[in-house]
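Trainee: I have a new model open. Can you walk me through how to read it?
Mentor: Yes. Here it is.

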Amino acid sequence: MDITLIYFSQTGNTRRIAEAMAEVFRGAGHATRLVSLKKASPQDAVAGDLLGIGTPCFSSQAPTPIKAFLKNLPALESKRAFVFATSGGAPGRVLFDLTRLLQDKGADVVGGFLTCGELHHPAPCLQGRMPDRPNADDFAQARRFAAAVIEHVSAGRTGAVAESHPDTFKPRGGFYDLVAFISTDDFLRLMLPEPKLDPARCNQCQWCVYECPIHNITLQPYPILGDHCIRCYRCLTGCPQKAFAADWRLGNLAVLTFYNTTFERWFGDLKPGERIY
Ligand SMILES: Cc1cc2nc3c(=O)[nH]c(=O)nc-3n(C[C@H](O)[C@H](O)[C@H](O)COP(=O)(O)O)c2cc1C
Ligand code: SF4
Ligand code: SF4
């Protein structure tokens, strides 16, 4: 089988899960391509026999760049597909978003995998959450899921892979679905601070221009943010010169209201006793 895994990953968690799955597929003798969303074309999704789509969770849903990519695909004509995601414990509808968008294109989604990933978010209340995730157990589960997918598809079985996360095929419902519903890009721009540049620190290396997932930064001659920022904070957390900063006095309160550990335990994906910090 020819397998293509297309992943969106800003801090490497989802990419490393994709790599673990790819190892399993290759080990079973299947030609497997790993394609970062930055370099992916619609043709990458159309080619091959099995398609995997992976993403982190942003604001309890699939991030705008991966949604836009899936919306712009041509018909997938019953192509077999699976989805996977990493989150900080409040995944909301991330898996279902991917499934629904693939199904809208006619794909036959056979399963979904969800695990946790360390947070690299600048809001003070989130910094350092989920240390060292995904960990050895998470990778082992990802490998087991990949093996189950390959067995299911190779045997020509219909329906869902038994190991699938239940969120894959129906929205989780409840609090974080509501949070996802209200957390449009416009709402996030209103509630969360915009990264602000300190030109004295910037050496105009252009890293942020390349890394912004929605091409919202231009160099003129220092980085200027356009109007479409999705508040992913990649420019802020990744700039080698630490040239961006944000004022979290109000935004931190907004984030903590929705993503405090009590709510994440009640309504999210945190298991009892799971280490958060
Ligand atoms: C801007 C942003 C928003 C996030 N929103 C959520 C969220 O709503 N719920 C959640 O559980 N995790 C959230 N996370 C955590 C990420 O989903 C998690 O750290 C993920 O593993 C990052 O994947 P990556 O390393 O592949 O980019 C957020 C992270 C960032 C940077
Ligand atoms: S990544 Fe940092 S140093 Fe490089 S251009 Fe952007 S702001 Fe300047
Ligand atoms: S400007 Fe920065 S925070 Fe906004 S979308 Fe681009 S990388 Fe993310």
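**Reading the model, feature by feature**

Mentor: Start in a loop. Proline 134 is found between β5 (108-116) and α5. Keep in mind that this is a predicted model.

Trainee: What is the peptide bond from arginine 133 to proline 134 like, cis or trans?

Mentor: Read omega. The bond from arginine 133 to proline 134 is cis, with omega near 0°. Now look at glutamine 220 and proline 221. A cis peptide bond joins them too, and omega there is about -10°. Proline 221 sits in the loop between β7 (217-219) and β8 (223-225).

Trainee: And what is the sign of phi at serine 60, positive or negative?

Mentor: Phi of serine 60 is positive, near 60°, and the residue is not a glycine. Serine 60 belongs to the loop between β3 (50-56) and α3.

Trainee: On to helices. How do I describe a packed pair?

Mentor: Two packed helices are described by the angle between their axes and the distance between the axes. Try helix α1 (residues 13-27) and helix α5 (residues 136-154). Their axes come within 9 Å and cross at roughly 45°.

Trainee: Why are α1 and α5 called oblique?

Mentor: Angles under 35 degrees count as roughly parallel, and 65 to 115 as roughly perpendicular. The crossing angle of α1 and α5 is roughly 45°, so the two helices are oblique to each other. Their crossing is right-handed.

Trainee: Which residues of α1 and α5 meet?

Mentor: From α1, take Ile17, Ala20, Met21, Val24 and Phe25. From α5, take Phe139, Ala142, Arg143, Ala146, Ala147 and Ile150. By class, this contact has ten nonpolar residues, no polar ones and one charged.

Trainee: What about α3 and α4, at what angle do they cross?

Mentor: The axes of α3 and helix α4 (residues 94-104) cross at roughly 15° and come within 9 Å. That angle is under 35 degrees, so α3 and α4 are roughly parallel to each other. α3 passes α4 in a right-handed crossing. On the α3 side, Lys67, Leu70 and Lys71 make the contact, and on the α4 side Asp97, Leu101 and Leu102. The classes in this contact are three nonpolar, no polar and three charged.

Trainee: Now step back. What domains does the assignment give?

Mentor: The domain assignment gives domain 1 (2-176) and domain 2 (185-267). Their C-alpha centres lie 24 Å apart. The contact between them takes 18 residues from domain 1 and 20 residues from domain 2.

Trainee: Which elements give two or more residues to the side of domain 1 that touches domain 2?

Mentor: Those are α3 (64-71) and α6 (175-182). This side of domain 1 has eleven nonpolar and seven polar residues, and no charged ones.

Trainee: That leaves the ligands. How many residues surround ligand 1?

Mentor: Read a ligand shell in three steps: who is nearest, which elements contribute, which classes appear. Ligand 1 has 25 residues around it, and Asn13, Thr14, Pro56, Gly88 and Gly117 come nearest. α1 and β4 (80-87) each supply at least two residues of this shell. α1 gives the most, with three residues. By class, the shell around ligand 1 has eight nonpolar, 15 polar and two charged residues.

Trainee: Which residues are closest to ligand 2?

Mentor: Cys202, Cys205, Trp207, Cys208 and Cys239, out of 13 residues that surround ligand 2. The shell divides into nine nonpolar, four polar and no charged residues.

Trainee: And which residues come nearest to ligand 3?

Mentor: Cys212, Cys229, Cys232, Arg234 and Cys235, of the 13 residues around ligand 3. By class, there are ten nonpolar residues, one polar and two charged. Take care with the label here: Cys counts as nonpolar in this scheme.

Technical notes. Residues are numbered from 1 along each chain as its sequence is written. Chains are lettered from A and ligands numbered from 1 in the order in which they are written. This is a predicted model: local features need pLDDT of at least 70, side-chain atom pairs count only at pLDDT 80 or more; totals for chains, interfaces and linings use all residues. A residue is near a molecule or strand if its C-beta atom, placed from the backbone, lies within 6 Å of it. Domain bounds come from an automatic or database domain assignment. Two residues are in contact if their C-beta atoms, placed from the backbone, lie within 7 Å. Helices (H or I, at least four residues) and strands (E, at least two) are DSSP runs, numbered from the N terminus. Axes are lines fitted to C-alpha atoms, for helices over the stretch in contact, and angles run from 0 to 180 degrees between N-to-C directions. Angles under 35 degrees count as roughly parallel, over 145 as roughly antiparallel, 65 to 115 as roughly perpendicular and the rest as oblique. A crossing is left-handed if the near helix is turned anticlockwise from the far one by less than a right angle, and right-handed if clockwise.
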